[in-house]
Amino acid sequence: MAEAAGLLARLEALPVGASEGIYEGRRWSAALERSADGKRWKLYAEELGGNDHVSFNLYLTEGSGPLLKPCEMPAEKVIRFVEGYRPDGR
């Protein structure tokens, strides 16, 4: 999945741990985790003062490449968020 590969590159540019920033002109809080073995990325983000959120896991599998697993939302929403989220100070 080409989108998942691009998503991985963008995730690597984001700060691991908690951050706040801007997405689509609104403030968001995000928590990005990477497993100790580096084979899973997890992100949960929520709009501050709003009711929107983004949540997913990205698994780095051998052979088939990155596998995106959004949590009850379309993959396109996840991809748009990761591409558009700008943490403070970056």
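Biologist: Which side chain does the side chain of Ser19 make a polar contact with?

Modeller: That of Tyr85, at 2.9 Å. Keep in mind that this is a predicted model. The cut-off for a polar contact is 3.5 Å between N or O atoms, one able to donate a hydrogen and the other to accept it, so the pair at 2.9 Å qualifies.

Biologist: Where is Ser19, and is Ser19 buried or exposed?

Modeller: Ser19 belongs to strand β1. Its relative accessible area is 13%, and buried means under 20%, so Ser19 is buried. Leaving aside neighbours within four places in sequence, Ser19 is in contact with Trp28, Ser29, Ala30, Tyr85 and Pro87.

Biologist: What makes Glu20 and Arg27 a salt bridge?

Modeller: Their side chains meet at 3.1 Å, N to O. The limit is 4 Å between a Lys or Arg side-chain nitrogen and an Asp or Glu carboxyl oxygen, so the pair counts. Side chains of opposite charge can pair when their charged atoms come close.

Biologist: Why is Glu20 called partly exposed?

Modeller: Glu20 has 38% relative accessibility, which falls between the 20% and 50% cut-offs, so "partly exposed" is the label. Arg27, at 32%, gets that label too.

Biologist: What else does the side chain of Arg27 meet in a salt bridge?

Modeller: Asp88, with N to O at 2.9 Å. Arg27 is in strand β2 and Asp88 sits in the segment after β6 (86-87), so this salt bridge ties together parts 61 residues apart in sequence. Asp88 comes out at 43% relative accessibility, hence partly exposed. Put together, Glu20, Arg27 and Asp88 form a network of salt bridges.

Biologist: How do you know that Glu47 forms a salt bridge with Arg26?

Modeller: The closest N and O atoms are 2.8 Å apart, and the rule asks for within 4 Å, so the pair passes. This one links distant parts of the chain: Glu47 is in strand β3 (residues 40-47) and Arg26 in strand β2 (residues 26-34), 21 residues apart.

Biologist: Does Glu47 count as buried or exposed?

Modeller: Buried: its relative accessibility is 15%, and the cut-off is under 20%. Its partner Arg26 is partly exposed at 31%.

Biologist: How many salt bridges does the count come to?

Modeller: By this rule, 6 salt bridges. The pairs above are among them.

Biologist: What order do the strands of the open sheet have?

Modeller: The order is β5-β4-β3-β2-β1-β6, a sheet of 6 strands with antiparallel pairing.

Biologist: What makes β5 and β6 the edge strands?

Modeller: Each of them pairs on one side only. For β5 (65-70), the partner is β4 (residues 53-61), joined by 6 antiparallel bridges. Pairing needs at least two bridges, so β4 and β5 clear that bar. Leu58 stands opposite Leu68 in β5.

Biologist: How do you know that β2 and β3 pair?

Modeller: They are joined by 7 bridges and run antiparallel, against a requirement of at least two bridges, so they pair. One example is Trp28, whose bridge partner in β3 is Glu47. The two strands form a hairpin with 5 residues between them, and Gly38 in the turn has a positive phi of about 75°.

Biologist: How many bridges do β3 and β4 pair over?

Modeller: Over 7, in the antiparallel sense. Val54 in β4 is the bridge partner of Ala45. Their hairpin has 5 residues between the strands, where Gly49 takes a positive phi near 75°.

Biologist: Which residues make up the covered face of β3?

Modeller: Trp41, Leu43, Ala45 and Glu47, while Arg40, Lys42, Tyr44 and Glu46 are on the uncovered face. As for helix α2 (residues 75-84), it lies across β1 (17-23), β2, β3, β4, β5 and β6, at about 95° to β4.

Biologist: Which phi value does Glu24 have, as a residue other than glycine?

Modeller: Near 50°, which is positive. Glu24 is in the loop between β1 and β2. With 52% relative accessibility, and exposed meaning over 50%, Glu24 counts as exposed.

Biologist: Why is Glu72 called exposed?

Modeller: Its relative accessibility is 85% and the cut-off is over 50%, so Glu72 is exposed. Glu72 lies in the loop between β5 and α2, and has a positive phi of about 55° although it is not a glycine.

How values were computed
Residues numbered from 1 in each chain as written. Predicted model: local features only at pLDDT ≥ 70, side-chain atom pairs only at ≥ 80, totals over all residues. Heavy atoms only, no water. Buried < 20%, exposed > 50% of the residue type's maximum accessible area, 1.4 Å probe, protein only. Helix = DSSP H or I, 4+ residues; strand = E, 2+ residues; numbered from the N terminus. Contact = heavy atoms within 4.5 Å. Axes fitted to C-alpha atoms, helices over the stretch in contact; angles between N-to-C directions.
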